[in-house]
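Me: I would like a close look at one part of this structure, explained step by step for someone in a first year of study. Please begin with one end of a helix, go on to the helix itself, and then turn to the charged pairs elsewhere.

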Amino acid sequence: MTLSRLPIFAWAILVFSFMIIFAFTPLIIGSLLLELDRGFGTEFFNPLVGGSSLLWQHLFWIFGHPEVYIQFIPATGIVSMILPVFVRHRIVGYNWMVAALVGIGFMSFALWAHHMFTTGLAAIILSFFAAASMAIAIPAGVQMFSWLATIWAGRPVWKTPFLFAVGFMVIFVIGGITGVMVAAPPFDMQAHDSHFVVGHLHYVLIGGVAFPIFAGVYYWFPKFTGKMLSDRLGKWNFWLLFIGVNVTFFPMHVVGLLGMPRRAYTYDDGLGWGLYNMISTIGVVFLIVPGIAIFVWNVIRSFRRGEPAGANPWDADTLEWSVTSPPREHGWTVLPIVHSRHPLWDQDDLHTGDPQTERFVRALGGWPLRWRAAVVVGTATARPQEVFRVAGPSFWPLIAAIGLVVLFVGELTKLRWVFPIAALIMVIGVIGWNWPRPPDMTIDEEAAFEREHGVPVNAGGSVIVARWAMSLVILVVAIAFGSLMLSYFYLRLQNPQWPLPGIAEPALGWVGVAGALVVASAAVGRLALGRLRDDHQGAFIALFGAALVLLGGGFVVQYADLVGFDFAWGSDAYGSIFYTLAGVVMLVAAASMIMAAMAMFWAIRRFYTSRRYAYVANVVTFWTAAAVVWIVGFATLYLAPYLT
Amino acid sequence: MSAGEERDARPGDQGAMTAPGGTALAVDISADRPARLIWVAFLGGPVILMTHFMVVYLVAEAACSGEGRGLDAFDSPVVEVVTVTATVAAAIACLVVTWWNHRRWRTSIESTDTAAAGWPFGDVDDSDGGGSVAFAGALLAAFCCLAVIAVGIAAPFLPSC
C-alpha cells in the first residue's frame, strides 16, 4: 500500500500522532513549572519576583488549541471512511483531503494566542493570530466541500452511521462559523469568557468529535463484535441527540451575547438569561440524556442478542472488512497486496500482484519465522524493503508505568521520600524492557531468506526502525527543551534587568570545560560505533568506555559549578528558570549515561556485532542529541545574561 | 577484498540487497533520495509557514514585551521591516515549493501513462511513484502561501506595538 492509497483515517491518525508529540510536550513542561511553583518554591508565575502568569497561558494554549484539532482530525478520518461507503462513491478530492488534514495539523499550532486576545497583546500580534485563526477555515472548508461533493456524486443510504456523519457536518459548520467570529479580535473582546464561547466549543466538540465517534461506533461495532447494532434504535439515538444538542447549546450563543459569563453556576433574577437557560436544561434532560441512554441500551442489547454481522455487512471498501467479524488475532497469513484506495471494491483478489511481491508474501506465510515479524515497505512504491522482529508482549512497560504512577502519587500526597523509589522502579522497568534477547534466527538463516526472496530479514531488530523510533524520542526531548528555552526568553522579556537585581552574571570558566568534555564524549562515542561496525570489538569497548568517562567528567564539573552559585531556585524567576533548565539538560545527559552504561554492560559480554548493533546506534544518536542540548542550554544560561 | 568489502560481506549473500551495516538502506530515508524528496516536497509549504509565523511572532513579542539591554535592536520599524521581508520571502518560497510539487506531479502522470501498458493489475486510483502526494503537496504549499500573506499583510498598516 503506497502513501497515495492510505485510507484517509490512516492519514488522520498519522497527522494526529505528530500533533500529540508537538502539543502535549509544552503542556508537560507547563505542568512541570506549575508543580515546581506549587510544591517546590520556584517563582515562574509570580510577577512580584520576575515571573509571569502569562507564561502559563502561553504554555497551556500552545497545547490547548491544537488539542481541539487533535480530537477533530481523527473524527474527520472516521467521517471520510463512512461517507463513501454509505453513498457508494469514492471520496471526492482525496488529495485535497490529505492536504487539508496536514494543513490543519500545522496551522493549529499558529492559533494559540487567540485564546489570549484580552490579555493585552500588541495589535500586530493580535493580527498574526487572527489571520491564522481565520485561514484555518480554508482547509476545514476543503474537507467540508469534499464530503458534500461525495454525497452529491453518490446515492445515500440513510443508515445510522451516515446520519451521524451528516449530523456532524451540520453541527460542525455552525461551530466553525462561530469560531471564525471569535477569531476577530473586536468580536472576541465582547464574547470572551461569555456563554457564547461555551456554545461555540460545544458545537465544535459535540458536532466535530462526538457525532463522528457515534458514527464510528455504529459503523465498526459489527466488526468488533460480530453483531449489528439496531438501526431503529440508532435512528432514535441520532434524532434525540441532534435535536437535543441544538436545543441545549444554541441558546448559549444568545445568552452569551446578552452578557452571561461562563463558569457561572447561578445569577440574579431579571437579567433576561432565565428563559435561555431553561431551554438549555430542557434540551439536556429531555433530549440528550434519553438519546445517550438509548445508545447505551442499544450497545448492551445488540452485544447480547444483536443480528449477526457477516465479514462485510456494509459492503465497505477497506481491508478490515475482508476478515471475519470479529477478527481473529492473526489477521492475514498471506499479506494482502493493495492496488487501489478501495481494495474491496476494485480488486477481485487481495493476493495478486507483480510476481516478485506475490512470491514474497506467499513465502512469508509459509516461512517458519517463529516470531512476530513486520514488513517495512517503501512509501512511494510499496515494495517490501525489510522484514524485522517486532517486540513481543512484556510486563516491563507496566512496571515502568507503575513507577511513574508512584512518582505522581508521591507528589500529590507530598510523600516525597517515595521519589527515589519511584525513579528506581522506572529505571529498572525501562532497563528490563530493553534487556536484549538472543535473535530468533541465525545470520545464516537470515541470509537464506534474503537470497531466496530478495528482501532482508533482521531478527535482531532493525537499525532503521530503531533510528526512526529514536528520532521521535529526540523530537520529544527537543520540543520539551524548546519549550523551556521559550520560557527562559519570555521571562527575560518580562524583566528590564537580567539577571534580576542583586545577581551577578555567571562565570564562564568551568561551563566551558564541562561542555568540551560532553562534546568530546559524544564524538568518541561515534568513533566507538564505527569500530563496532568494523567488528573491532576491543577498540569499540575501549573507546565506548572512554566516552562514558568523558561524559561523567563533564557531568561532575558542571554539577560542581552549579552548586557554587549564590542564588537559589526559589529566590526569583531568574533562579527558577536557571536551575530548572540546567536540571533538565543534565537529566537528558544522565539518561544517555544510563543508556550508555547498559550498552557497555552488554558490549563487555560481546552481545553486539557488526550486524546486530541497533541498540548501540540508538544510544550514540541520543548521546549526540544530548550533547547538542547541553551546549545550547548552557550557552543560553551562561551567555544570555551578558548579551541581553 | 578491501576492509569495507569484508565488513559488508555476509554468509552466502551473493547478490543480496543488504547494505553496509546489515540492513536495507532502501528503507532509510536519509539514503533513499526519492522517499526523502517526497516528504521534503510535501511538507515544505507547512514548514515554511510555521517558520515564518514563529519568526514574525517572536520578533514582535521581543519588540513589544521586552525592555532592557540589547532589546532596543527591536525598536520600530524593525518589526514592520522583518514582518514584510519575512512574508515576501516565505510567500516566494511557498510558490517555489508549489511549482516543484506540481512539476513532480506532472512528471509522475507522464511516467504512469508510459508504464500503464505494462502493468496488468489495474490500479484504479493511481500507480504513482509519489505523484499523488506531490499533488497534495502542491495544494498544501499554495494554501501555505495564502496563509503566510494573510498573517503578514497587516504589518505595514498597524502600529507595531
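Reply: In this predicted model, the N-terminal end of helix H19(A) is capped by Asp572(A), whose side chain places an oxygen 3.1 Å from the backbone nitrogen of Tyr574(A). The helix itself runs over residues 573–604 of chain A, and because each residue should add 1.5 Å, its 32 residues are expected to span 46 Å, which agrees with the 46 Å that separate its end C-alpha atoms. Of these 32 residues, 23 are buried, so H19(A) is largely enclosed by the rest of the structure. Just after the helix comes Arg606(A), which takes a positive phi of about 60°.

From here we can turn to the charged pairs. Over all chains, the structure holds eight salt bridges, and one of them joins Arg263(A) to Asp193(A), with 3.5 Å between the closest N and O atoms. Arg263(A) sits in the loop between helices H9 and H10 of chain A, while Asp193(A) sits in the loop between helices H7 and H8, so this pair ties together parts that are 70 residues apart in sequence. The two partners can also be described by their accessibility: Arg263(A), at 68% relative accessibility, counts as exposed, whereas Asp193(A), at 34%, counts as partly exposed.

A second salt bridge, between Asp231(A) and Lys235(A), has its closest N and O atoms 3.1 Å apart. Here both residues lie in helix H9 of chain A, four residues apart, which is about one turn of the helix. The general background is that an α-helix has 3.6 residues a turn, so residues three or four places apart point the same way. Asp231(A) is partly exposed at 23% relative accessibility, and Lys235(A) is likewise partly exposed, with a relative accessible area of 30%.

Another salt bridge brings together the side chains of Asp534(A) and Arg531(A), at 2.9 Å from N to O. Asp534(A) counts as partly exposed at 26% relative accessibility, and Arg531(A) is partly exposed too, with a relative accessible area of 28%. Salt bridges can also be joined into a network, as they are for Glu35(A), Glu411(A), Lys414(A) and Arg416(A).

Technical notes
Residues numbered from 1 in each chain as written. Chains lettered and ligands numbered in written order. Predicted model: local features only at pLDDT ≥ 70, side-chain atom pairs only at ≥ 80, totals over all residues. Heavy atoms only, no water. Helix = DSSP H or I, 4+ residues; strand = E, 2+ residues; numbered from the N terminus. Expected span 1.5 Å × (residues − 1). Buried < 20%, exposed > 50% of the residue type's maximum accessible area, 1.4 Å probe, protein only. Polar contact = N/O pair within 3.5 Å; in protein donor to acceptor, adjacent residues only side chain to side chain. Salt bridge = Lys/Arg side-chain N within 4 Å of Asp/Glu carboxyl O.
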